[in-house]
Amino acid sequence: MAKKGEEVPMLIAEAGPVNGQRWSVRGSLIIGRDSGCEIMIPDRQISRRHARITTTSNGILLEDLGSKNGTYRNGVRVDEPALLQDGDNIQLALAQTLIFLSSDATLPLEGDSLHPAEVEAGLLRLELRSRRVWIGNQEILPPLSASQYRVMELLYSNQGEVVTRQELIEAIWGEEQAVTVSEQALDALVRRLRERLANIDPSHTFIATVRGHGLRLDNPPE
């Protein structure tokens, strides 16, 4: 249990056998198929001891433990230990996706009293304080990952305008980290976000690609 005022890094599972589960990151966590792992993922693509996440004086370190099918951070295979940044996407083989949040303060608030009608008009609506997203009267659950939400928030705050790919990459991964992020990592993130939106309303493409420029949010009236 976190102490009052303590910011605790978190892992949130998405798109895999343990989808929706959350873990506080303290000390060292082994991820793997073995039942003795702190994060156990029951899938044959996952090695018995697949990867390790460790708290160090410099930050949270992600390390592959010689897994057969690989560990990926933002679409790039982890061959050497890598420091995690807020919103990083961790892919274990093709079986499980984890999202790293540098603090539990970035998690959506539960039981927030805001109603979707209290934000800007449009079929798609964001509650900026609680980081909740609605299409019509239906909330997107489980909540968007931190990186998905950053894309949504940037497009939402610039409705009808084109946001460049570079602006999106810097908003998600930060200016220093942006130079190491591939175009494919952004494409994969946007593709997953579109799928999440389509699960609620498949009849409308909210995120439009403006070729040669970037992305634009098309948010019709409700």
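**Charged side chains in a predicted model**

Let me begin with Arg165, which at 26% relative accessibility counts as partly exposed, a term that sits between buried, under 20% relative accessible area, and exposed, over 50%, with a 1.4 Å probe and protein chains only. Salt bridges that share partners join Arg165, Glu183 and Asp187 into one network, a salt bridge being a side-chain nitrogen of Lys or Arg within 4 Å of a carboxyl oxygen of Asp or Glu.

This is a predicted model, in which local features need pLDDT of at least 70 and side-chain atom pairs count only at pLDDT 80 or more, while totals for chains, interfaces and linings use all residues. Residues are numbered from 1 along each chain as its sequence is written, and side-chain values use heavy atoms, with hydrogens and water left out.

Within that network, Asp187 forms a salt bridge with Arg165, and their closest N and O atoms are 2.7 Å apart. Asp187 lies in helix α4 (residues 183-200) and Arg165 in helix α2, so this pair ties together parts that are 22 residues apart in sequence; helices here are DSSP runs of H or I with at least four residues, and strands are runs of E with at least two, numbered from the N terminus.

The structure holds seven salt bridges, and another of these pairs Arg52 with Glu63, where the closest N and O atoms are 3.1 Å apart. Arg52 belongs to strand β5 and Glu63 to strand β6 (residues 59-64), eleven residues apart. Arg52 is partly exposed, with a relative accessible area of 23%, and Glu63 also counts as partly exposed, at 23% relative accessibility.
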